[in-house]
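I opened a fresh page today to look up pockets, bridges and a few residues that caught my eye. Here are my notes, in the order I took them.

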Amino acid sequence: MVKKILISFVLMIAILVGLYAWKTKTSDPIIVKDTPPAIGRKVEVYNNKVYAYDKDHLKTSCDLSSPMACAVEYAIKCTLNPDFDDCRSSKLPKFIFMSDESLKRPTQMTFKIAKIKPINNELIEIHTDSTCDGNWFGLCQGRVIYVLVPSNNAWRVKDIYAIEI
């Protein structure tokens, strides 16, 4: 009985190794483009331009010429004021709408796009250098990364995280 189980196990491993070797030998390599895909427009690189926002002076329009940068700007506006222009009905990360004084929600934020990193055609990371006058989960000081996905011929922020550089 043990011999049959051992032979079956070895045969199963051999088949899996063979299938893996066949797949890696016959599949095309994945090519990652250096430029992120843009929906509807060419992506502009924002070098050394700092964008500043104040909770009391938020505009409903986006003056940035990239739909990806506008998605980041919208997330920042909703972070500053969760009741701003349909923020609550948007598909932004839910933690943006938490209300607790201990979270120290900022009232002023700045960001500068440091890098646009395409993951695939459906996922882009925008690395920003940000400052704020609060704490906000540590997501408004230093290198803050906005994960964007396509949504209705535009982009929306799916997630936000920070890293130390």
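**Entry 1: the largest pocket**

I began with the largest pocket, which has 17 lining residues, and those nearest its centre are Tyr74, Ser151, Ala154, Trp155 and Arg156. I should jot down straight away that I am working with a predicted model. Which elements give two or more residues to this lining? I found H2 and E5. The space in the largest pocket comes to about 310 Å³. I then sorted its lining by class and got nine nonpolar, five polar and three charged residues.

**Entry 2: Arg156**

Since Arg156 is among the residues nearest the pocket centre, I followed it up. I located Arg156 in strand E5, which runs over residues 154-163. Is Arg156 buried, partly exposed or exposed? With a relative accessible area of 26%, Arg156 is partly exposed, because buried would need a value under 20% and exposed one over 50%.

I listed the contacts of Arg156, leaving aside neighbours within four places in sequence: Ala71, Lys91, Val147, Leu148, Val149 and Ser151. Ser151 is a name I had already written down for the pocket centre. I also checked Arg156 against Ala75: they are 81 residues apart along the chain, yet their C-alpha atoms are separated by 8.3 Å.

**Entry 3: the cavity**

Ala75 turned up again when I went looking for enclosed space, as one of the residues lining the largest cavity. I counted one cavity of 30 Å³ or more in the structure. The volume of the largest cavity is about 40 Å³. Its lining also includes Ile76, Thr79, Phe95, Ile96, Met109 and Trp136, and I noted Leu139, Tyr146 and Ile160 there as well.

Which element gives the largest share of that lining? I noted H2, with three residues. By class, I have nine nonpolar residues, one polar and no charged ones around the cavity. H2 is therefore an element I meet at both places: it gives two or more residues to the pocket lining and the largest share of the cavity lining.

**Entry 4: Lys77 and its partner**

Staying with H2, I looked up Lys77, which lies in this helix of residues 67-80. At a relative accessible area of 4%, Lys77 is buried. What does a buried lysine pair with here? I found a salt bridge from Lys77 to Glu73, with the closest N and O atoms 3.4 Å apart. Both residues sit in helix H2, four residues apart, or about one turn of the helix. Glu73 is buried too, at 6% relative accessible area.

Beyond neighbours within four places in sequence, I have Lys77 in contact with Tyr53, Leu58, Lys59, Thr60, Ser61 and Phe84.

**Entry 5: other salt bridges**

I counted four salt bridges in the structure, and I wrote up two more of them. Side chains of opposite charge can pair when their charged atoms come close.

Arg143 pairs with Asp129, their closest N and O atoms being 2.7 Å apart. This pair links distant parts of the chain, with Arg143 in strand E4 (residues 142-151) and Asp129 in strand E3 (residues 123-132), 14 residues apart. Arg143 counts as buried at 15% relative accessibility, while Asp129 is partly exposed at 27%.

Arg88 and Asp83 meet at 2.9 Å, N to O. I have Arg88 down as partly exposed at 47% and Asp83 as exposed at 60%.

**Entry 6: disulfides**

How many disulfides did I find? The count is three. Along the chain, the bonded cysteines follow the pattern 1-2, 3-4, 5-6.

- I noted Cys62 joined to Cys70, S to S 2.0 Å. The link is left-handed, with -90° about the S-S bond. Cys62 is partly exposed at 30%, whereas Cys70 is buried at 18%.
- Cys78 and Cys87 have their sulfur atoms 1.8 Å apart. This link is left-handed as well, at -80° about the S-S bond. I found Cys78 buried at 0% and Cys87 buried at 1%.
- Cys132 and Cys140 have sulfur atoms 1.9 Å apart. Cys132 is buried at 12%, and Cys140 is buried at 0%.

How values were computed. Residues are numbered from 1 along each chain as its sequence is written. This is a predicted model: local features need pLDDT of at least 70, side-chain atom pairs count only at pLDDT 80 or more; totals for chains, interfaces and linings use all residues. Side-chain values use heavy atoms; hydrogens and water are left out. Buried means under 20% relative accessible area, exposed over 50%, partly exposed in between (1.4 Å probe, protein chains only). Contact means heavy atoms within 4.5 Å. On a 1 Å grid over the protein atoms alone, a cavity is a set of points where a 1.4 Å probe fits but cannot get out, and a pocket is an open set with protein on both sides within 12 Å along at least five of seven lines; lining residues have an atom within 4 Å of a point. Grid points are joined across faces, edges and corners, and a volume is the space filled by probe spheres set on the points. Ala, Val, Leu, Ile, Met, Phe, Trp, Tyr, Cys and Pro count as nonpolar, Asp, Glu, Lys and Arg as charged, and the others, Gly among them, as polar. A disulfide is a pair of cysteine sulfur atoms within 2.5 Å. A salt bridge is a side-chain nitrogen of Lys or Arg within 4 Å of a carboxyl oxygen of Asp or Glu.
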